[in-house]
Amino acid sequence: MNWNQPVCEQCWITEHAIYALDTRGVVGVKLPTVVRGNDVEVEQCCRCGSPTIMGVYVRIDPRTVPYPKEDTPEDESQHVRHGHSLRSWG
Ligand SMILES: [Zn+2]
């Protein structure tokens with residue numbers, strides 16, 4: 001199982017928003033560490049399933065997220081879902 005799971009910008013913001021203690025709501029966001037080489041890769045957000053090119057990963061137990069990224073083909077048979085594969089996106 002792969003414990004480094006991609007997340008999209010929106011899910012990162014939702015999870016790492018900094019809230020004011022008064023009624024102002026969200027006042028900031030904790031910045032992620034972006035992992036990006038020369039090639040931008042399309043990945044699937046482990047939380048909402050949307051495609052993301054953010055290059056942001058969280059270390060999380062893949063069994064606790066709805067769209068875990070599999071790192072071994074053997075696991076595919078156990079986790080087949082509609083719309084799970086992004087391979088055809090090119
Ligand atoms: Zn997401």
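Helices (H or I, at least four residues) and strands (E, at least two) are DSSP runs, numbered from the N terminus. The model is predicted: local features need pLDDT of at least 70, side-chain atom pairs count only at pLDDT 80 or more, and totals for chains, interfaces and linings use all residues. Residues are numbered from 1 along each chain as its sequence is written.

**Exercise 1. List the secondary structure of the protein chain in order.**

Step 1: Count the elements. The protein chain has 1 helix and 6 strands.

Step 2: Walk along from the N terminus. The order is β-α-β-β-β-β-β.

**Exercise 2. Describe how strand 2 and strand 3 pair.**

Step 1: Recall the rule. Two strands pair if DSSP finds at least two bridges between them.

Step 2: Apply the rule. Strand 2 (residues 17-19) and strand 3 (residues 26-29) run antiparallel and are joined by 3 bridges.

Step 3: Find a facing pair. Val26 in strand 3 stands opposite Tyr19.

Step 4: Look at the turn. This hairpin has 6 residues between the strands, and Gly25 takes a positive phi near 80° there.

**Exercise 3. Decide whether Cys8 and Glu15 are buried, partly exposed or exposed.**

Step 1: Set the cut-offs. A residue is buried if 20 or more other C-beta atoms lie within 10 Å of its own, exposed if 12 or fewer, and partly exposed in between, with C-beta atoms placed from the backbone.

Step 2: Start with Cys8, in the loop between strand 1 (4-7) and helix 1 (9-16). Cys8 counts as buried because it has 21 C-beta neighbours inside 10 Å.

Step 3: Turn to Glu15, which lies in helix 1. Glu15 has 13 other C-beta atoms within 10 Å, so it is partly exposed.

Step 4: See the whole chain. Buried residues make up 16% of its 90 residues.

**Exercise 4. Find the partners of Cys8 and the core it belongs to.**

Step 1: Define contact. Two residues are in contact if their C-beta atoms, placed from the backbone, lie within 7 Å.

Step 2: Leave aside neighbours within four places in sequence. Cys8 is then in contact with Cys45, Cys48, Ser50, Thr52 and Met54.

Step 3: Compare sequence with space. Cys8 and Met54 are 46 residues apart in sequence, yet their C-alpha atoms are 6.1 Å apart.

Step 4: Name the core. A nonpolar core is a set of buried Ala, Val, Leu, Ile, Met, Phe, Trp, Tyr and Cys residues joined through C-beta atoms within 7 Å. The largest one has 7 residues: Val7, Cys8, Cys11, Trp12, Cys45, Cys46 and Val56.
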